[in-house]
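Trainee: I should like to learn how to read the features of a structure, beginning with a ligand site. May we look at one together?

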Amino acid sequence: MRAAVFSYLAIAAAVGAHNPRQASSARVVANSVTASSARVAASSAPIASSAPATQTSFSFTLATTNPTAIPLASIISNAATQTTNSLPSTFAPGSTPTVVSGAPPLPNAALLAPSSYPALDIVVPTDSPEVQQWIQDVASSGVSIPNISATVAGGCPANLDAADDASRCWWTCGGCTRSTDITTCPDKLTWGLTYDDGPSPYTPDLLSFLDQNDLKSTFFTVGSRVISYPQILQYEYMTGHQIAVHTWSHPSLTTLTTDQIIGELGWSKKVIKDVIGVTPSYFRPPFGDIDDRVRAIAQAMDLTPVMWTRISPMATFDTDDFDLHSGLTTAAHVLLNWDYIEGNSTIIPTGFILLEHDLFQQSVDIATGYILPDALVHQPPFKIEPVISCLNKPMNDAYIELNDNSTNPPVVSGGGVPTLSSGAPGSVEATGSSQGSGSGNSAVSTPPGSGPVLALVLSLTTLFL
Ligand SMILES: *[C@@H]1O[C@H](CO)[C@@H](O)[C@H](O)[C@H]1NC(C)=O
Ligand SMILES: *[C@@H]1O[C@H](CO)[C@@H](O)[C@H](O)[C@H]1NC(C)=O
């Protein structure tokens, strides 16, 4: 087996040291096709900081890499735009899905009229007839929405009382979860593969790699992207990936009013149904930003939350690949995170879910060039599959209209008891000091943007073992 031991010396370039306390700093997500949108992270959980903020060198081991991988030194913020591949195929309107049973024929994506939907990448208005109807539906669902105040932008440091209020069970500050949250795959060495924020122009590259390696994923898709790339969504669905909801405009849900949350979930459910014919029954809150109010609204709307695995109040299975595009982290740092995740995944008693993205070229490049090839030769082998499959449920259960409730019964009102991976909910240790920069995501290893922006790359040694 070929093993590559990478030792990267990243030079601290004085390109704007990031102040880790500026948790509320806006993160601008420039989508290459649609208008840029400013996204303000609610917050991030404190990040396991095994590498000090000043660390400038990382070393990690990969068992193998993709021979056609983009060099790590080119996976940088201002990377040259690569040629994107087109979809391997498209599906004709009226096609019958074979990966689920009893599904309606595939809608005609060409008929999707963006003017019938809210503006892209901003929180949806709540005065439309659609949202008003969904508000009524939630009110008559029988689920009571707790009277929890919205948080303000800025995460834990800006919301100390809320962060300390265990009764909210706010995941962002301390990692509180309820028994109804999906946080892991039950079976050891099983990986619920997920990609967030697409579809994007780079998604077909990821899909091609997944096809070649017979892998299926869960895609947490943003309604504003679905509008732009409906055929990619159809391809994902028709080829056996799991489609799930990731809101309309990717806001921090705890900062919104209840009506806005209903609108964000409702419109993303609707556009997905309009494109593939069925409605997802799972969703992931952007930035993992969920509390008991958001949980109750989601439950009333038949959506089950999927988080990513957290092994301590300070460490989650987040590759931090999202921050490659902005330059808040480096490819070497992401691979160090991956190295730690891989190591920890073999220690924990369950399987795992980690956070990755298909919105940007850099995230797809690191996934297809490095993380996935390395994962595919892991010993003992990982079982890599969509979240619904790792839960040992049929793909039909991933969609509201196809779920017969036999293996995926509706959640009983009440939300269950809090379950914590460790630490107390809202434990705010160090929340003020290691606040991440905007992804809202803590990494299992080392914080993005906790030091100067780093530039790569000095040395690479390849060993043949
Ligand atoms: C687990 O993750 C921690 C960082 O949270 C890291 O220090 C440790 O080395 C990892 N363990 C393994 C076996 O990779
Ligand atoms: C499954 O449960 C949901 C939510 O209670 C309900 O709306 C739906 O009709 C049920 N489906 C079946 C096939 O019973």
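Mentor: Let us begin with the ligand. Please bear in mind that the model is predicted.

Trainee: Which residues surround ligand 2?

Mentor: One begins by listing the shell and then sorts it by character. Here Asp-302, Asp-404, Asn-405 and Pro-410 surround ligand 2. By class, this shell comprises 2 charged residues, 1 polar and 1 nonpolar.

Trainee: How many helices and strands are there in the chain?

Mentor: The chain has 11 helices and 19 strands. Of its 465 residues, 56% count as buried. Contact range is a further aspect: among contacts between residues at least 6 apart in sequence, 82% join residues at least 24 apart.

Trainee: How should a helix be read, taking H10 as the case: what span does H10 reach from its first C-alpha to its last?

Mentor: One sets the end-to-end span against the expected one. H10, residues 361-376, has 16 residues and reaches 21 Å, close to the 22 Å expected at 1.5 Å a residue.

Trainee: Where does H10 bend?

Mentor: The bend is at Ala-367 and amounts to about 40°.

Trainee: Why is H10 described as largely enclosed by the rest of the structure?

Mentor: The description rests on burial: 14 of the 16 residues of H10 are buried, so the helix is largely enclosed by the rest of the structure. Gln-362 belongs to this helix. Gln-362 counts as buried because it has 26 C-beta neighbours inside 10 Å, the cut-off being 20 or more.

Trainee: Which residues is Gln-362 in contact with, leaving aside its neighbours within four places in sequence?

Mentor: They are Ile-75, Ala-79, Leu-324 and His-325. Sequence separation and spatial separation should be read side by side. Gln-362 and Ser-77 lie 285 residues apart in sequence, yet their C-alpha atoms are 7.8 Å apart.

Trainee: Is Ala-315 buried or exposed?

Mentor: Ala-315, which is found in strand S14 (residues 315-316), is buried, with 26 other C-beta atoms within 10 Å. From Gly-174, Ala-315 is separated by 141 residues in sequence and by 9.9 Å in space, C-alpha to C-alpha.

Trainee: For a sheet, one asks about order and sense. In what order do the 3 strands of the open sheet lie?

Mentor: The order is S15-S7-S16, and the pairing is parallel. Its edge strands, S15 (352-353) and S16 (383-385), each pair on one side only. Strand S7 (residues 190-192) pairs with S16 over 3 bridges in the parallel sense.

Trainee: Which residue in S16 is the bridge partner of Thr-190?

Mentor: The partner of Thr-190 is Lys-383.

Terms used. Residues numbered from 1 in each chain as written. Chains lettered and ligands numbered in written order. Predicted model: local features only at pLDDT ≥ 70, side-chain atom pairs only at ≥ 80, totals over all residues. Helix = DSSP H or I, 4+ residues; strand = E, 2+ residues; numbered from the N terminus. Expected span 1.5 Å × (residues − 1). Bend = angle between axes of the 7 residues up to and from the residue. Buried ≥ 20, exposed ≤ 12 C-beta atoms within 10 Å, placed from the backbone. Near = placed C-beta within 6 Å. Nonpolar A, V, L, I, M, F, W, Y, C, P; charged D, E, K, R; others polar. Pairing = 2+ DSSP bridges. Contact = placed C-beta atoms within 7 Å.
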